[in-house]
Amino acid sequence: MLRFVSILACSLFLAVAATLRGMDVAIIVNKENPINELSFRELTALFELQQQFWKAGGRVHVVIQQAGRPERNVMLKTVYHRTDEGLNKYWLNRMFKAEITDLPQIESSAEQAKQEVAKRVNAISFIDAAQVDDSVKVLRIDGLLPGVEKYRLKSDGP
């Protein structure tokens, strides 16, 4: 019985530690996309629609999650360097100046974002790395995949 309680306590500790560590956000693309890696600068250019075409051709289709999602909060902090309100103003300003013709597609969950990327060859999105499956491909960012200590797309914890 003592051993069972000890194992249970250890499991609980590991679960709490993982939660406190936060989450890594994976950048995902369609499995048919030939890109395997982006620099952080390229990642930012794609999500800000500064770069609207893939190097291999085809218009980039950006899929983002709705406001309030933890993954979006990580992207706001690390990639966009804006609040939700600031991001909305940014998009409206770019539309007004005719710098972009389409806004990113907004999905209500990581699962929906993943499904959209799996359907569209030129799509790119972000999801909690724990939700990645074989329906999409995860890109390396500056040579790193989620789960590595120096990976930049992480939350600070809850």
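Glu 111, Lys 114 and Asp 133 are linked in a network of salt bridges. The model is predicted. The exercises below start from such contacts and end at a strand.

**Exercise 1. How many salt bridges does the structure hold, and which residues are linked in a network?**

Solution.
- Step 1: Take the total. The structure holds twelve salt bridges.
- Step 2: Pick out the network. Its members are Glu 111, Lys 114 and Asp 133.

**Exercise 2. Which parts of the chain does the salt bridge between Lys 154 and Asp 24 tie together?**

Solution.
- Step 1: Check the contact. The closest N and O atoms of Lys 154 and Asp 24 are 3.2 Å apart. The cut-off for a salt bridge is 4 Å, so this pair qualifies.
- Step 2: Place both residues. Lys 154 lies in the segment after strand S7 (140-141), and Asp 24 in the loop between helix H1 (2-21) and S1, so the pair ties together parts that are 130 residues apart in sequence.
- Step 3: Add the surroundings. Lys 154 is partly exposed, at 24% relative accessible area. Asp 24 has 12%. Buried means under 20%, so Asp 24 counts as buried.

**Exercise 3. Take the salt bridges Glu 71 with Arg 69 and Glu 99 with Arg 94. Which partner is buried in each?**

Solution.
- Step 1: Glu 71 and Arg 69 meet through their side chains at 3.6 Å, N to O. Glu 71 has a relative accessible area of 2% and is buried. Arg 69 has 23% and counts as partly exposed.
- Step 2: In the pair of Glu 99 and Arg 94, the closest N and O atoms are 2.8 Å apart. Arg 94 is buried, with a relative accessible area of 5%. Glu 99, at 39%, is partly exposed.
- Step 3: Put the two together. The buried partner is Glu 71 in one pair and Arg 94 in the other.

**Exercise 4. Which strands pair with S1, and which residues stand opposite Ile 28?**

Solution.
- Step 1: Locate S1. This strand covers residues 25-29, and five of its five residues are buried.
- Step 2: Sort the side chains. Val 25, Ile 27 and Val 29 point one way; Ala 26 and Ile 28 point the other way.
- Step 3: Find the partners. S5 (residues 123-128) pairs with S1 in the antiparallel sense over five bridges. S6 (residues 137-138) also runs antiparallel to S1, joined by two bridges.
- Step 4: Read off Ile 28. Ser 125 stands opposite in S5, and Val 138 stands opposite in S6.

Conventions
Residues numbered from 1 in each chain as written. Predicted model: local features only at pLDDT ≥ 70, side-chain atom pairs only at ≥ 80, totals over all residues. Heavy atoms only, no water. Buried < 20%, exposed > 50% of the residue type's maximum accessible area, 1.4 Å probe, protein only. Helix = DSSP H or I, 4+ residues; strand = E, 2+ residues; numbered from the N terminus. Pairing = 2+ DSSP bridges.
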